[in-house]
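Here is a short briefing on one protein model. Overall shape comes first, then surface and charge, cysteines and two residue environments.

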Amino acid sequence: MTCDDTRVDIKNFDLEQLTAFLGGMGKESFRARQIFGWLYRKGADSFSQMTDLSKAFREELERRACISSLPVETAEVSGDGTCKYLLRLQDGQTVESVRIPMEGGRDTLCISSQVGCAMQCRFCLTGSFGLTRNLSSSEIVNQVCAALKDGPIHNIVFMGMGEPLHNLDNVVTALKILFAREGFDYSPRKITVSTCGLVPEMKELGRRIRVNLAVSLNATTDELRHRLMPVNQRYPLEQLMAACREFPLPPRGRITFEYILMEGLNDSQADAKRLVKLLHGIKAKVNLIPFNAYEDSPFKPPEEKIVRAFQTYLLDRDIVAIRRASKGADISAACGQLKGRLEQQKEAANQD
């Protein structure tokens with residue numbers, strides 16, 4: 001369902017904002033909690049379904065607001081159960097989210113925060129699209145709503161298209177909606193926000209809301225990180241690691257460092273040694289991710305023995321290092337691959 005320009009999208013409001021909106025209509029604060037329950041627990045897509053609200057109230061809501069949703073344009077299912085969704089936005093743009101089956105029958109949903117990305121990381125296909133625009137809070141939340149139609153989601157990671165902290169206000173509002181007891185009721189332990197290293201925004205995120213943080217690291221020297229991740233030219237490793245040390249964590253919390261292993265670039269024992277030094281004094285865990293190759297990519301994943309040796313070096317020095325299994329390789333599940341492939345097909349069809 002889409003929203004026209006004359007009505008507000010009610011899914012752009014967190015609970016406090018919705019309470020204020022309804023207060024302007026002369027309604028009591030508990031009405032916001034009722035509506036949240038309908039939207040996010042019961043999946044209501046119209047105000048007429050909210051039967052514990054008076055008919056007059058529902059009609060007034062219909063005049064002033066709308067309930068958006070995101071249609072799934074394409075869903076591809078891998079042999080390992082991974083499901084990739086391509087979602088069509090109201091303005092015709094598309095974003096991706098991925099349902100990833102984990103151990104114990106618990107699914108993780110990877111969601112997007114922007115259409116495209118401005119960060120231009122050399123190994124990321126989404127970065128080649130450039131940034132089109134930020135997603136609204138409702139467009140972020142509606143990715144979760146769409147995936148929930150296929151079954152429960154136990155964990156959510158902001159690791160899809162875009163840099164979440166480049167869209168900080170809308171991401172924080174979406175997090176408040178996801179955390180609201182009256183709505184989705186996710187624990188902060190179940191949601192992780194990833195960043196390429198926007199240091200001021202990391203500090204602001206930690207100040208505004210409690211959530212797990214993941215940092216896309218991928219290099220142990222400024223020289224290499226400058227080449228792979230242009231953001232490092234603004235916030236080099238010394239500043240980034242200082243921000244990680246200052247990030248507020250719960251007593252048992254850790255910052256996750258994502259380290260994409262690329263053959264001959266960042267996979268040596270010297271890299272592993274420098275990584276241990278960088279993480280000194282930080283409550284950390286490392287996700288080791290062999291590069292997920294895409295067409296025309298200049299990078300390749302290392303051989304298995306190199307990945308094992310890198311992980312062993314970290315483990316032997318008491319660094320929690322997890323080899324993240326590659327999922328959905330047969331359905332273009334890496335970030336931006338489905339969008340890129342379908343857009344290429346569309347462009348080819350237009351040329352014919």
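The protein has 352 residues and a radius of gyration of 21 Å, which agrees with the value near 20 Å for a compact globule of that length. That radius is taken over C-alpha atoms, and the globule rule is 2.2 Å times the number of residues to the power 0.38. This is a predicted model: local features need pLDDT of at least 70, side-chain atom pairs count only at pLDDT 80 or more, and totals for chains, interfaces and linings use all residues. Residues are numbered from 1 along each chain as its sequence is written, and side-chain values use heavy atoms, with hydrogens and water left out.

**Overall fold**
- Along the principal axes, the C-alpha atoms fill a box of roughly 70 × 55 × 40 Å.
- The protein contains eleven helices and 14 strands (DSSP runs numbered from the N terminus: H or I of at least four residues for helices, E of at least two for strands).
- Take the contacts between residues at least 6 apart in sequence: 66% of them join residues at least 24 apart. Contact means heavy atoms within 4.5 Å.

**Surface and charge**
- Of the 352 residues, 53% count as buried (under 20% relative accessible area; exposed is over 50%, partly exposed in between; 1.4 Å probe, protein chains only).
- The exposed area is about 16300 Å², and carbon and sulfur atoms supply 48% of it. Areas come from the Shrake-Rupley method with a 1.4 Å probe; for residues, only the protein chains shown count as cover.
- There are 47 positive and 44 negative side chains, with the centres of the two sets 6 Å apart. Lys and Arg count as positive, Asp and Glu as negative; His and the chain ends are not counted. Charges are placed at NZ of Lys, CZ of Arg, CG of Asp or CD of Glu.

**Cysteines**
- A search of the whole structure finds zero disulfides (pairs of cysteine sulfur atoms within 2.5 Å).
- For C196, the closest cysteine sulfur is in C121, at 5.2 Å, too far for a bond.
- C196 is buried at 5% relative accessibility. C124 is partly exposed at 25%.

**Two residue environments**
- I35 lies in helix α2, residues 30-41. Its relative accessible area is 0%, so I35 is buried.
- Beyond neighbours within four places in sequence, I35 is in contact with I10, L18, L22, M50, L53, F57 and L61.
- N287 sits in strand β13, residues 284-290. Its relative accessible area is 11%, so N287 is buried.
- With neighbours within four places in sequence left aside, N287 is in contact with T256, F257, E258, Y259, I322 and R324.
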